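Me: I am new to this structure and would like a close look at a single part of it. Please choose one region, set it in its surroundings, and take me through it residue by residue.

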Amino acid sequence: MKLIPMNSRLTIIKCYLIALCGLLPVLAPAQDARQDRVEAFRIAFLTRQLDLDSKEAQEFWPVYNRYNEQMQELGRLERQTLTDKEPDISSLTEEQAKAYLQKLMRLEEDRFRLKKDLVNDLQQVLPARKIIRLQLAEQRFKRELLQRLSQRRKNRP
């Protein structure tokens, strides 16, 4: 096996990075289109599951969309905390570990607070039965979406 000199390796890596950067603008719209399709599927799924009348839908969607945006932002923060800044646990001091754990618990508390706020806000516009239906429909939606994604992966050549 022939060894490649370090300068050549760096050149190859640079070429890959340049190619990847060139593809990002092409890949971004595809990602946006996928997100748009998932969002449309979610809206149709929840609307069907909740059986909202026009007045309920008009009041429900702004509240739910605000909640969904806040949860997405919290998810971004959570991913940053868990992946981008993931510490080498074995090298943490006890104080650093406690601070990291507190940050994780704050994120969990924020997630719970957002869910609680959603339920309180929805009680102003929907009957309790439909709010319970929403909780169940969100779980069904996630299962359905995961099944569809899994099926697509299986069908790929």
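Reply: Two residues are said here to touch, or to be in contact, when heavy atoms of theirs lie within 4.5 Å. With that in hand, Lys130 touches Leu50, Asp51, Leu52, Asp53 and Glu56, if residues up to four places away in sequence are not counted. The model is a predicted one, and what follows should be read with that in mind.

Before going further into this region, it helps to see the whole chain. The protein chain has four helices and zero strands, and from the N terminus on its elements run α-α-α-α. Of its 157 residues, 22% count as buried, while its accessible surface comes to about 12500 Å², with 57% of that belonging to carbon and sulfur atoms. Taking the contacts between residues at least 6 apart in sequence, 69% join residues at least 24 apart, and the surroundings of Lys130 offer an example of such a pairing: Lys130 and Asp51 are 79 residues apart in sequence, yet their C-alpha atoms are 8.4 Å apart in space.

Lys130 itself lies in helix α4, and it counts as buried because its relative accessibility is 12%, below the 20% that sets the limit for that word. Its partner Asp51 is found in the loop between α1 and α2, and here the picture turns around, since Asp51 is exposed, with a relative accessible area of 56%. The backbone of Asp51 also deserves a look, for its phi is near 50°, a positive value in a residue other than glycine.

A second residue of helix α4, Arg133, reaches toward this part of the chain too. Arg133 touches Gln49, Leu50 and Asp51, leaving out residues up to four places away in sequence, and Leu50 and Asp51 also appear among the residues touched by Lys130. Arg133 and Gln49 are 84 residues apart in sequence, with 7.3 Å between their C-alpha atoms. At 34% relative accessibility, Arg133 counts as partly exposed, whereas Lys130 counts as buried.

Helix α4, which spans residues 128-155, also packs against helix α3, residues 94-122, at an angle of about 140° and with the axes 10 Å apart. That angle makes α3 oblique to α4. The contact is made by Lys115, Leu118, Val119 and Leu122 on the side of α3, and by Ile131, Leu134, Gln135 and Glu138 on the side of α4. Sorted by character, these residues of the contact divide into five nonpolar, one polar and two charged.

Some residues of that contact also belong to the largest nonpolar core, which has 23 residues; those touching the most other members are Leu46, Phe60, Tyr64, Leu118, Leu122, Leu126 and Leu134. Each of α1 (6-50), α2 (54-84), α3 and α4 supplies at least two residues of this core, with the largest share, seven residues, coming from α2. Leu118 shows how the helices are brought together, for it is in contact with Val63, Tyr64, Tyr67 and Leu134, its neighbours within four places in sequence being left aside.

From Tyr64 the path leads to Arg42, a residue of helix α1 that, at 7% relative accessibility, counts as buried. Beyond its neighbours within four places in sequence, Arg42 is in contact with Trp61, Tyr64, Asn65, Asn68 and Phe141. Of these, Asn68 is found in helix α2 and, at 15% relative accessibility, counts as buried; with the neighbours within four places again set aside, Asn68 is in contact with Glu39 as well as Arg42.

Returning to the starting point, the region can be summed up by two residues of helix α4: Lys130, buried at 12% relative accessibility, and Arg133, partly exposed at 34%. Both have Asp51 among their contacts, as the list for Lys130 shows and as the list for Arg133 shows, and Asp51 sits in the loop between α1 and α2.

Definitions and conventions: Residues are numbered from 1 along each chain as its sequence is written. This is a predicted model: local features need pLDDT of at least 70, side-chain atom pairs count only at pLDDT 80 or more; totals for chains, interfaces and linings use all residues. Side-chain values use heavy atoms; hydrogens and water are left out. Buried means under 20% relative accessible area, exposed over 50%, partly exposed in between (1.4 Å probe, protein chains only). Accessible areas come from the Shrake-Rupley method with a 1.4 Å probe; for residues, only the protein chains shown count as cover. Axes are lines fitted to C-alpha atoms, for helices over the stretch in contact, and angles run from 0 to 180 degrees between N-to-C directions. Angles under 35 degrees count as roughly parallel, over 145 as roughly antiparallel, 65 to 115 as roughly perpendicular and the rest as oblique. Ala, Val, Leu, Ile, Met, Phe, Trp, Tyr, Cys and Pro count as nonpolar, Asp, Glu, Lys and Arg as charged, and the others, Gly among them, as polar. A nonpolar core is a set of buried Ala, Val, Leu, Ile, Met, Phe, Trp, Tyr and Cys residues joined through side-chain atoms within 4.5 Å.
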